[in-house]
Amino acid sequence: MDGALRNWERALRGGDEQARLPLASAYQRLGQVEEALRILGEASEPDGPTQALLRETWRGELSRLAPAQRIPGARPYGELWGWAGEAAVLTSHERASGLLGVVDWARGRFAYEAPPTGPVLQPPAAAGPDELLIPGEPGLLERLDLETGRIRSQRVGAGGQIMEFDSTRSRALLRYVEPGRRLVLSVLRLEDGAEEFQRSGGPKLRVVPNWDQGWIAWRDSGGPLEWGWLPTPDPQRVDPAGALAGREGHLTPLAAMGRFLLAREARGGLLCDPRSGERLELRELPGSAHGPWRLSLDRQALLGFRLGVPAAFPIHGATSPGAPAQALTLPGGPGLSRASWHPHVDVVALGRRDAGAELRSLEGEVWLHLPRDAQPLGWGPQGRSLVVVRALGSLGGLLELWTPGGTL
């Protein structure tokens with residue numbers, strides 16, 4: 001087996017995709033599941049057998065989720081905003097109402113908790129391994145050091161409100177409101193304040209940057225969808241490879257998804273790669289649909305939500321003509337309280353009021369039932385853990401980290 005492993009590893013490093021499946025299968029048989037998942041997950045366009053093995057490997061891991069760590073707290077009932085390294089960042093129940101706390105699983109305690117009285121910090125706009133970047137007053141950024149709990153203010157622009165950061169946290173998208181409700185959206189470098197992009201328009205001006213791919217899309221009310229490249233203060237407007245050729249009406253940019261831009265139009269939607277011109281058509285993308293978004297494993301559907309309920313919106317040509325968007329069948333009535341798609345496989349963690357929670361696949365299979373007092377808040381950074389809140393009466397509770405086999 002060792003010789004075969006080395007041969008497959010050497011072949012895969014040399015670009016032989018046919019070695020990926022036997023190599024991952026071998027790692028799985030040896031019990032090196034994380035390595036098998038890494039190799040399978042790195043396939044750019046996995047074929048049917050690779051998808052099947054990836055799905056079954058994830059199913060084996062997620063069906064073994066069990067409590068690995070528990071942290072008591074009086075106010076653990078927030079939403080999982082995201083992660084600062086391996087620390088879970090929680091915001092309060094009311095959407096975007098404030099930062100509730102940061103759970104440091106390595107230390108087994110809250111690294112930060114909002115004070116019981118006084119002003120509450122806004123939800124973060126970005127996070128690093130040991131800090132949160134939080135929008136402050138217009139033109140200000142608050143940096144919360146999770147090691148010390150200290151907050152340091154940094155000026156980033158004259159009167160602009162921070163919207164988001166790039167993945168390196170070195171550039172920010174700022175929103176300015178001028179007299180007459182005119183908007184200005186600008187990309188600034190934090191190091192020196194240099195402006196890399198600016199557009200002004202009406203109150204419906206929409207800008208979506210794709211920091212990693214180096215492009216930006218924008219549309220003002222009544223105008224067409226336009227593209228440009230970063231960094232430059234006035235990016236060249238392009239439609240590479242005829243990406244929007246033959247479109248009727250106007251597309252509204254919604255989000256960046258990997259190399260794609262997701263945009264909505266009157267009757268459906270579009271996933272478009274502005275560099276290659278590749279596009280995937282969505283027959284239906286209603287106004288009630290929202291993210292977080294991702295493509296299904298087989299690229300046959302866009303996974304998201306419709307009014308908070310998990311849904312899969314078929315991609316044109318992937319299913320029979322006229323097929324409606326799929327919605328998961330939720331047992332126990334309409335008592336859905338939380339739902340979050342797994343980052344790598346087509347399964348969703350569902351929380352239902354007074355009925356516990358479960359992991360359910362896109363096809364409707366239940367992979368795991370959780371206790372009746374458990375509610376899932378969301379997945380860990382790599383998808384191998386689940387943050388769960390356990391209610392204790394009306395005021396208290398426990399936060400738990402669930403992992404395969406309950407091991408850290």
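These questions and answers go through one residue and one sheet of a predicted model.

Me: Where is Asp346 placed?
Reply: Strand 25 covers 336–341 and strand 26 covers 347–352. Asp346 lies in the loop between strand 25 and strand 26.

Me: Is Asp346 buried or exposed?
Reply: A residue counts as buried under 20% relative accessible area. Asp346 has a relative accessible area of 10%, so the residue is buried.

Me: Which side chain makes a polar contact with the side chain of Asp346?
Reply: A polar contact needs a pair of N or O atoms within 3.5 Å. The side chain of Asp346 has such a pair at 3.0 Å, and the partner is the side chain of Arg294.

Me: Which backbone nitrogen does the side chain of Asp346 reach?
Reply: Leaving aside neighbours within four places in sequence, the contacts of Asp346 include Ser296, Leu297 and Trp341. At 3.2 Å, the side chain of Asp346 reaches the backbone nitrogen of Leu297.

Me: Which strands are the edge strands of the open sheet with the order 2-3-4-5?
Reply: This sheet has four strands with antiparallel pairing. An edge strand pairs on one side only, and that holds for strand 2 (79–84) and strand 5 (109–113).

Me: By how many degrees are neighbouring strands of this sheet turned against each other on average?
Reply: The pairing in this sheet is antiparallel. With direction ignored, the average turn between neighbouring strands is 25°.

Me: Which residue of strand 3 stands opposite Glu79?
Reply: Strand 2 and strand 3 (residues 87–91) run antiparallel and are joined by five bridges. Opposite Glu79, in strand 3, stands Thr91.

Definitions and conventions
Residues are numbered from 1 along each chain as its sequence is written. This is a predicted model: local features need pLDDT of at least 70, side-chain atom pairs count only at pLDDT 80 or more; totals for chains, interfaces and linings use all residues. Side-chain values use heavy atoms; hydrogens and water are left out. Helices (H or I, at least four residues) and strands (E, at least two) are DSSP runs, numbered from the N terminus. Buried means under 20% relative accessible area, exposed over 50%, partly exposed in between (1.4 Å probe, protein chains only). A polar contact is a pair of N or O atoms within 3.5 Å; within protein, one must be able to donate a hydrogen and the other to accept it, and residues adjacent in sequence count only if both atoms are side-chain atoms. Contact means heavy atoms within 4.5 Å. Two strands pair if DSSP finds at least two bridges between them. Axes are lines fitted to C-alpha atoms, for helices over the stretch in contact, and angles run from 0 to 180 degrees between N-to-C directions.
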